[in-house]
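Trainee: I would be grateful for a close look at one part of this protein, namely its helix packing. Please then set that part in the context of the whole structure.

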Amino acid sequence: MEQTVYYTMILTHKTCPRNTTRFENIMSIDTEDSYLNPSYEITIDHAIDNISIGKFQYLLLFAAGTCFMADSMEIMLLSFLTLVLKDKWKWDDDNNNNANGDHSADGKLATITAFMFIGAMVGTMTFGPLGDKIGRRPVLFCAASVISFFGIATALCSGFWSLLFVRFMVGFGIGGLTVPFDILAEFIPTESRGRYLLLIEYYWTLGSMMVPVIAYFTIEVYDSWQWFVVVCALPSLISLMVGVYFVPESPRWLVLKGRNEEALDILRHAAKMNGQDVQVVFPPGCCIIREEEIEESKWTELFQPPWKNITLLLFALWTSFAMCYYGVIMVITRIFVQVEDQKGDYSSFDYSAIFISSSAEVIGTAMAIYLVDRIGRIRTIAGSYFAGGIVIFILCFFVNQLGRSTSVTLSFMSRIFEMIASCTLWISTAEIYTTEIRSTGHSATNAVARIGGFISPYLVSGNASFQLIGSIFFAVHIGAAFCALQLPETKGVELGNTTCSRGGKSSIEKSASFSRLESTDASIASCEMI
């Protein structure tokens with residue numbers, strides 16, 4: 001079976017002075033028919049394309065996916081844990097019990113959730129730049145270790161302040177989970193990137209669906225919130241163990257740091273795992289060339305040309321994403337606690353309704369996979385936010401008039417649209433930023449998102465009416481849709497080539513230059529070669 005492999009082939013005209021007629025031309029070579037034995041230079045993008053998709057990426061997907069599962073479970077469990085502990089630890093809203101200045105019960109609930117988002121913000125601001133400086137792999141191990149340790153340590157908490165500290169640290173670890181997503185993105189060929197990056201969202205969805213199931217058996221059946229938090233910490237442990245054995249450093253990052261041979265060794269290993277003939281894909285004499293300048297990434301560069309406008313739009317989108325996504329989940333949990341129990345026993349939940357709404361994310365992810373490479377990332381994000389805003393507004397505004405089945409249906413639809421928008425935003429952000437600033441940029445947007453996550457529990461857990469909550473969420477959704485429409489489309493574009501990189505050309509300018517290069521090469525090729 002013939003295989004098409006992409007190289008930059010270096011030839012020298014023998015009748016001309018040395019190095020005066022050297023030229024480069026990206027061409028497709030049937031390696032089985034080629035009798036040439038030149039030195040091949042290959043760009044990192046074409047090298048990634050050559051390894052194709054196979055077992056190697058599936059293992060990466062599992063490692064990064066279990067990180068995502070840990071993220072979703074550690075955040076979703078707060079919807080159950082805080083309400084259970086309010087009852088277990090006798091947090092009371094009675095003003096007489098708060099005369100000494102202690103926090104009200106609702107204030108404590110919101111503060112625990114908010115502090116976890118603050119921890120995530122600090123974590124992203126810490127781990128993001130580290131991922132660009134010391135590499136993606138060590139950051140993955142560090143983040144997974146922090147989540148595992150403090151996730152299990154949650155079971156040992158005995159009061160509000162200890163729980164506040166431990167959940168802050170869990171959030172700090174979660175802040176590093178943009179990096180494993182970037183590792184996966186940097187190993188996926190261009191044409192398959194959107195589809196395969198969205199597969200990671202199934203792990204998030206699985207985590208969301210598992211939380212109410214675990215809560216039912218550990219809290220409702222065995223009456224143990226400690227086992228609830230321990231079981232929810234297991235995915236991060238699994239991710240850590242898988243990552244140690246199967247996740248290598250990103251070859252894009254290695255090339256950026258001038259460690260080209262290490263990058264090529266990793267890519268050869270990946271090609272072998274995927275069933276490729278390494279001698280064909282990366283023959284002797286093959287070497288990887290760098291197309292991007294080596295510069296240390298800094299937070300300040302996100303606010304300088306050419307990234308300033310892109311970064312501000314992404315900041316607005318990610319803040320809206322966190323506020324809407326987590327806020328919608330909290331609203332749905334509040335609705336079904338209230339529907340099932342009007343007496344104030346907040347440890348009782350409508351588990352089946354919450355599970356059904358969580359399962360909507362399976363459909364949301366499937367729809368995102370279908371849409372993202374057909375209508376593009378931007379239309380998918382904008383359309384989902386617009387539709388999601390309408391649905392959550394109807395659910396909240398008419399909550400007292402709706403029956404259970406209608407409420408479940410609207411909750412289901414709301415989670416679908418939130419999932420489509422959020423998971424597409426994840427891949428779009430990773431694709432827009434170039435390699436030298438991707439981890440920093442992606443982590444910065446994720447850090448800013450925690451502002452939205454910080455606000456949402458105070459809005460939902462307080463005394464605000466459902467009508468006010470629905471109106472606010474509707475406005476935020478519409479604003480997010482507008483911001484999404486201002487972003488560049490990344491469908492079918494090589495990673496990081498959507499906008500100008502530092503001092504570089506835009507993707508449009510690169511395409512024009514490439515066309516001129518092809519014309520020049522064709523003219524040179526017509527010369528008689530000796």
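Mentor: In this predicted model, helices α4 and α5 cross in a left-handed sense. Their axes come within 8 Å, at an angle of roughly 160°, which means that α4 runs roughly antiparallel to α5, the angle being over 145 degrees. Helix α5 spans residues 160-174, and its side of the contact consists of Phe165, Val166, Arg167, Met169, Val170, Phe172, Gly173 and Ile174. From α4 the contributors are Ala143, Val146, Ile147, Phe150, Gly151 and Ala153.

Helix α4, residues 136-153, also packs against α9, residues 234-246. Here the axes again come within 8 Å, and the crossing angle is roughly 150°; α4 is therefore roughly antiparallel to α9. This crossing, too, is left-handed. On the α4 side the contact involves Arg137, Leu140, Phe141, Ala144, Ser145, Ile147, Ser148 and Ile152, while α9 supplies Ser236, Leu237, Ser239, Leu240, Gly243 and Val244. Ile147 of α4 thus takes part in the contact with α9 as well as in the contact with α5.

A further link to α4 comes from helix α6, residues 178-185, in which valine 179 is found. Valine 179 has a relative accessible area of 0% and is therefore buried. Leaving aside residues up to four places away in sequence, valine 179 touches Phe127, Arg136, Val139 and Ser439. Its C-alpha atom lies 10.0 Å from that of alanine 430, although the two residues are 251 apart in sequence.

That pairing may be set beside the contacts of the whole protein: of those between residues at least 6 apart in sequence, 82% join residues at least 24 apart. The protein as a whole has 19 helices and 4 strands, and 57% of its 530 residues count as buried. Its accessible surface amounts to about 21500 Å², with 61% of that belonging to carbon and sulfur atoms.

The largest nonpolar core has 151 residues, among which Phe80, Phe228, Leu267, Phe282, Leu317 and Tyr385 touch the most other members. Helix α13, residues 308-340, gives the most to this core, contributing 20 residues. Leucine 317 touches Ile381, Tyr385, Leu425, Ala480, Cys483, Ala484 and Leu487, again not counting residues up to four places away in sequence.

Helix α1 offers another view of burial. Of its 8 residues, spanning 44-51, 7 are buried, so α1 is largely enclosed by the rest of the structure. The buried residues are Ile44, Asp45, His46, Ala47, Ile48, Asn50 and Ile51. Serine 52 follows α1 and lies in the loop between α1 and α2. With a relative accessible area of 22%, serine 52 is partly exposed.

The backbone also merits a remark. Most residues other than glycine have a negative phi. Serine 52, however, has a positive phi of about 60° although it is not a glycine. Aspartate 223 is likewise not a glycine, and has a positive phi of about 55°. Aspartate 223 is located in the loop that joins α7 (193-221) to α8 (225-232).

Key. Residues numbered from 1 in each chain as written. Predicted model: local features only at pLDDT ≥ 70, side-chain atom pairs only at ≥ 80, totals over all residues. Heavy atoms only, no water. Helix = DSSP H or I, 4+ residues; strand = E, 2+ residues; numbered from the N terminus. Buried < 20%, exposed > 50% of the residue type's maximum accessible area, 1.4 Å probe, protein only. Contact = heavy atoms within 4.5 Å. Areas by Shrake-Rupley, 256 points an atom, 1.4 Å probe, with all protein chains shown as cover. Core = buried A, V, L, I, M, F, W, Y, C linked by side-chain atoms within 4.5 Å. Axes fitted to C-alpha atoms, helices over the stretch in contact; angles between N-to-C directions. Parallel < 35°, antiparallel > 145°, perpendicular 65-115°, else oblique. Left-handed = near helix turned anticlockwise from the far one by under 90°.
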